[in-house]
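Colleague: I should like to learn how to read a structural model step by step. May we go through one together?

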Amino acid sequence: MAPARAGFGAPRLHYRLTDSTNERARELAAAGAASGTIVTAGEQTAGRGRRGRQWTAPPGKAVLCSAVLTPLDARHALLPLAAPLAVCEAVESLAPLRCRVKWPNDVWVDERKLAGVLIEAQPPAWAVIGVGLNVSIEPDEFPSDLRRPATSIGHGVSTEEALAALCRQLDEWVEADRARILADFRERDALRGREISWVGAGGEGGDGSGVADGIDDRGNLSVVSGEGERLSLGSGEVTLTLSD
Ligand code: BTN
């Protein structure tokens, strides 16, 4: 029988400053690091977001964490949905906030982005789950060019408390079964019923706009186009914009 996996958070490698914790964690994963290993940083000089975007945060005011999960198997097929759910439950265990998820993996509070998740994987060997979670960033410290203002946990929560809660919830959610992940995601779905537009969907999707209609059992986003056609968008391929 395979040995039980130790929880996320041990061992932990912390950098005061690094380019990207995902980069450091990828190196560790490729070198055979144990599942549960995390890399954290006080500050990143080249924090990566989804689709080639940058991720920035002032020093010490956000959780910047990349967790190694290895090996991957069929149970982890919905990891891109499970990881933001772990972030939601971690935040809600610390502060009186209600988190929702903007498919595929942005965490929102009151229509503002609180956290983002960037998963980089080499299946079936490993995945790195990168989480940027704003903890105590003041409104005027966010970049001024954000389309929508971002937000932080606040409520006197520290980055170490937020990190510990995140690790606890990752332990639970990476092993959660499909039905639970899909049900919880559907409850927290911030897009359902809203006008969206997208670019870069492969196959039938192309670029387009329509109304989000929930996620299907594979974790893809269902949308109904202006012409009434139902399409399925895969998370790896689209950039979404909310029209309202
Ligand atoms: C997104 O919303 O686009 C995803 C952002 C993910 C940012 C985190 S910060 C810690 C980890 N290291 C990185 O370089 N990126 C992720």
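Modeller: We shall discuss one strand, the nonpolar cores, the ligand and one loop residue; please note that this is a predicted model.

Colleague: Let us begin with the strand. How many residues of β3 are buried?

Modeller: A residue counts as buried when its relative accessible area is under 20%. In β3, 8 of the 8 residues meet this condition, so the strand is largely enclosed by the rest of the structure.

Colleague: Which residues of β3 lie on one side, and which on the other?

Modeller: In a regular strand, side chains alternate between the two faces of the sheet. For β3, one side carries A62, L64, S66 and V68, while V63, C65, A67 and L69 are on the other; all of them are buried, and both faces are thus covered.

Colleague: Which residue is the bridge partner of T40 in β3, and which residue is the bridge partner of C65 in β7?

Modeller: The strand β2, residues 38–44, runs antiparallel to β3 and is joined to it by 3 bridges. Here T40 has C65 as its bridge partner. With β7, residues 126–134, β3 forms an antiparallel pair over 8 bridges, and there C65 is partnered by V131.

Colleague: How many residues does the largest nonpolar core have?

Modeller: In soluble globular proteins, nonpolar side chains tend to be buried together. The largest nonpolar core here has 56 residues, and V87, I129, L133, I153 and L221 have the most contacts inside it. Its largest share, 10 residues, is supplied by α2. A second, separate core has 7 residues, including W55, A62, I137 and A150.

Colleague: Which residues come nearest to the ligand?

Modeller: There are 20 residues around the ligand, and S20, T21, R48, R50 and K113 come nearest. A polar side-chain atom of T21 is 2.9 Å from a ligand nitrogen atom. A polar side-chain atom of K113 lies 2.6 Å from an oxygen atom of the ligand, and a backbone N or O atom of R50 lies 2.6 Å from an oxygen atom of the ligand. Taken alone, the ligand exposes 420 Å², of which the protein buries 99%. The largest share of the shell around the ligand, 4 residues, comes from β6.

Colleague: Finally, is H76 buried or exposed?

Modeller: H76 is in the loop between β3 and α2. Because its relative accessibility is 8%, H76 counts as buried. Leaving out residues up to four places away in sequence, H76 touches L69, P71, V174 and E175.

Terms used: Residues are numbered from 1 along each chain as its sequence is written. This is a predicted model: local features need pLDDT of at least 70, side-chain atom pairs count only at pLDDT 80 or more; totals for chains, interfaces and linings use all residues. Side-chain values use heavy atoms; hydrogens and water are left out. Helices (H or I, at least four residues) and strands (E, at least two) are DSSP runs, numbered from the N terminus. Buried means under 20% relative accessible area, exposed over 50%, partly exposed in between (1.4 Å probe, protein chains only). Contact means heavy atoms within 4.5 Å. Two strands pair if DSSP finds at least two bridges between them. A nonpolar core is a set of buried Ala, Val, Leu, Ile, Met, Phe, Trp, Tyr and Cys residues joined through side-chain atoms within 4.5 Å. A residue is near a molecule or strand if one of its heavy atoms lies within 4 Å of it. A polar contact is a pair of N or O atoms within 3.5 Å; within protein, one must be able to donate a hydrogen and the other to accept it, and residues adjacent in sequence count only if both atoms are side-chain atoms. Accessible areas come from the Shrake-Rupley method with a 1.4 Å probe; for residues, only the protein chains shown count as cover.
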